[in-house]
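Work through the exercises below with the coordinates open. Each task is followed by a solution in steps.

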Amino acid sequence: MCIRDRIAHLVTYKDFGPGIKPHGKEWKYTYRKIMLPFLTAEIFPEELLKVLQLHFRNPKASADTDSPLARLLNKFGPGNEKNYIFELEKGAVFEIHNGRRFIRGEKRTKRYECQELEGKRLYLFNPNAQVIKIE
């Protein structure tokens, strides 16, 4: 959890008390209120600013679950040779950060079902998960 999230949780707790959902409407209101002053062209490139403004209309608990924002933020980060799960075709073999290898399967409602090569267990991956495609 980053510092701005922690601050939003602290302020939300102070303002609304302990009986609220961790990322409910009170947290979203507080988080938006904290972040809006920073959404300026002096701080962010125009392309990123538009997506951030959309994100903060109804912020998610994690930027990774906001697909357009996650992809755009990665574009501004250091270059890498990784792919997103959603870019891979069904049956493609890929590796994650710790070296474990999987085969991409079917898309469920929001996530992709992938089978680990070694243990044969099924795992669900966020479409924005960055992986290394194995040829």
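**Exercise 1: the partners of β6**

Strand β2 (residues 93–95) and β6 run antiparallel and are joined by three bridges. The model is a predicted one.

Task: Find which residues of β6 are the bridge partners of Phe94 and Glu95.

Solution.
- Step 1. Start from Phe94, whose bridge partner in β6 is Lys133.
- Step 2. Move to Glu95; its bridge partner in β6 is Ile132.

Task: Identify how many bridges join β1 to β6, and which residue of β6 is the partner of Tyr84.

Solution.
- Step 1. β1 covers residues 83–84 and β6 covers residues 130–134; the two strands run antiparallel, with two bridges between them.
- Step 2. Tyr84 has Gln130 of β6 as its bridge partner.

**Exercise 2: the hairpin and the sheet**

Task: Describe how β4 and β5 pair, and state which residue in their hairpin takes a positive phi.

Solution.
- Step 1. β4 (residues 112–116) pairs with β5 (residues 122–125) in the antiparallel sense, over four bridges.
- Step 2. Within this pair, Gln115 is opposite Leu122 of β5.
- Step 3. Five residues lie between the strands of the hairpin, and Lys120 has a positive phi near 65 degrees.

Task: Give the order of the strands in the open sheet, then name the edge strands.

Solution.
- Step 1. The open sheet is formed by six strands with antiparallel pairing, in the order β1-β6-β2-β3-β4-β5.
- Step 2. β1 and β5 each pair on one side only, and these are the edge strands.

**Exercise 3: the nonpolar cores**

Task: List the residues of the largest nonpolar core and determine which helix supplies the largest share.

Solution.
- Step 1. This core has twelve residues: Ala8, Trp27, Tyr31, Met35, Leu39, Leu48, Leu49, Val51, Leu52, Phe56, Leu69 and Leu72.
- Step 2. At least two residues of this core come from each of α2 (25–35), α3 (46–55) and α4 (67–76).
- Step 3. The largest share is that of α3, with four residues.
- Step 4. As background, nonpolar side chains in soluble globular proteins tend to be buried together.

Task: Find the contacts of Met35, leaving aside its neighbours within four places in sequence.

Solution.
- Step 1. With those neighbours set aside, Met35 contacts Arg4 and Phe56.
- Step 2. Apart from the largest core lies another, of eleven residues, including Tyr112, Phe125, Ala129 and Val131.

Definitions and conventions: Residues numbered from 1 in each chain as written. Predicted model: local features only at pLDDT ≥ 70, side-chain atom pairs only at ≥ 80, totals over all residues. Heavy atoms only, no water. Core = buried A, V, L, I, M, F, W, Y, C linked by side-chain atoms within 4.5 Å. Buried < 20%, exposed > 50% of the residue type's maximum accessible area, 1.4 Å probe, protein only. Contact = heavy atoms within 4.5 Å. Pairing = 2+ DSSP bridges.
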